[in-house]
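Hi everyone, thanks for coming. I have one structure to share today, and I'd like to start with a single pair of side chains before stepping back to the whole chain. Let me put it up on the screen.

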Amino acid sequence: MRKILVIIILGIAVSPIFAQSQSGMQQERELIVGTWLSETGSKWKLEFLSDGTCIQYSDTRILETDTYKLSNDSPQCGEEVLADGHASYLSLIDRATQDEMCYEIYGLTEEYLNIRPLNSGNFILFVKLPFPLSEIKALDRPLQAEENVTEEIKHL
C-alpha cells in the first residue's frame with residue numbers, strides 16, 4: 001500500500017514537468033518552421049518545413065535535403081546528452097547519404113535560432129527571414145534582397 005502511495009505521489013509530481021516539456025517541444029516545432037539565415041557572414045540558409053523537411057542552401061543553391069527532428073531525449077547522434085526536460089536538440093539526417101548531424105538548441109524564438117553542434121563549442125546564430133525562400137528565388141536579384149535583409153539584421 002505504501003509503495004502505491006509513493007508511486008501516485010511521484011506520478012502527480014512528475015506529470016506537470018512532463019507536460020511542460022511536451023508543450024515546450026510543440027512550441028519549438030511551430031517556431032522552427034520558416035527560413036533562417038546564418039549570421040556568420042556566409043550565405044547558409046536553413047528552410048524548415050512543417051512536414052519534417054529541412055532544405056539547406058548556400059545563397060539559393062540547394063546543398064542538401066534533410067529530415068529534421070526536434071527532441072529532448074538521449075542519446076543524440078549516438079552520444080549521451082542531458083535529458084532533463086529543459087535541453088532540446090535538433091537532428092538533421094541527409095536524405096541522400098543518411099549522415100546525421102545533431103545540434104543542441106540554445107535559443108529559439110520567432111526571430112532567432114541559436115544552435116551548437118554536438119562535439120563543438122561553436123555557436124551558430126540564425127535570424128528568421130520575414131518571407132519564404134521561394135520568394136527570394138522569384139526576385140530578379142536575390143543577392144541584393146539577401147544583402148538588404150542582412151543590413152536590416154545588423155541594425156537590430
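**A pair of charges**

Let's begin with Glu104 and Arg116: their side chains form a salt bridge, with 3.2 Å from N to O. Please keep in mind that this is a predicted model.

Where do the two partners sit? Glu104 belongs to strand β6, residues 100-108, and Arg116 belongs to strand β7, residues 112-117. The pair therefore ties together parts that are twelve residues apart in sequence. As a general reminder, side chains of opposite charge can pair when their charged atoms come close.

Now, are these two residues buried or exposed? Glu104 has a relative accessibility of 15%, so it counts as buried, the cut-off being under 20%. Arg116 is buried too, with a relative accessible area of 15%.

And how many salt bridges does a search of the whole structure find? Just one, so you have now met the bridge, the one linking β6 and β7.

Okay, let's zoom out. The protein chain has three helices and eight strands. Following the sequence, you read α-β-β-β-β-β-β-β-β-α-α, with the eight strands flanked by helices in that pattern.

Of the 156 residues in the protein chain, 37% are buried, and Glu104 and Arg116 are among the buried ones. The accessible surface of the chain is about 9,600 Å², and carbon and sulfur atoms account for 56% of that.

Last, the contacts: taking those between residues at least 6 apart in sequence, 40% join residues at least 24 apart. Thanks, and I'm happy to chat!

Key
Residues are numbered from 1 along each chain as its sequence is written. This is a predicted model: local features need pLDDT of at least 70, side-chain atom pairs count only at pLDDT 80 or more; totals for chains, interfaces and linings use all residues. Side-chain values use heavy atoms; hydrogens and water are left out. Helices (H or I, at least four residues) and strands (E, at least two) are DSSP runs, numbered from the N terminus. Buried means under 20% relative accessible area, exposed over 50%, partly exposed in between (1.4 Å probe, protein chains only). Contact means heavy atoms within 4.5 Å. Accessible areas come from the Shrake-Rupley method with a 1.4 Å probe; for residues, only the protein chains shown count as cover. A salt bridge is a side-chain nitrogen of Lys or Arg within 4 Å of a carboxyl oxygen of Asp or Glu.
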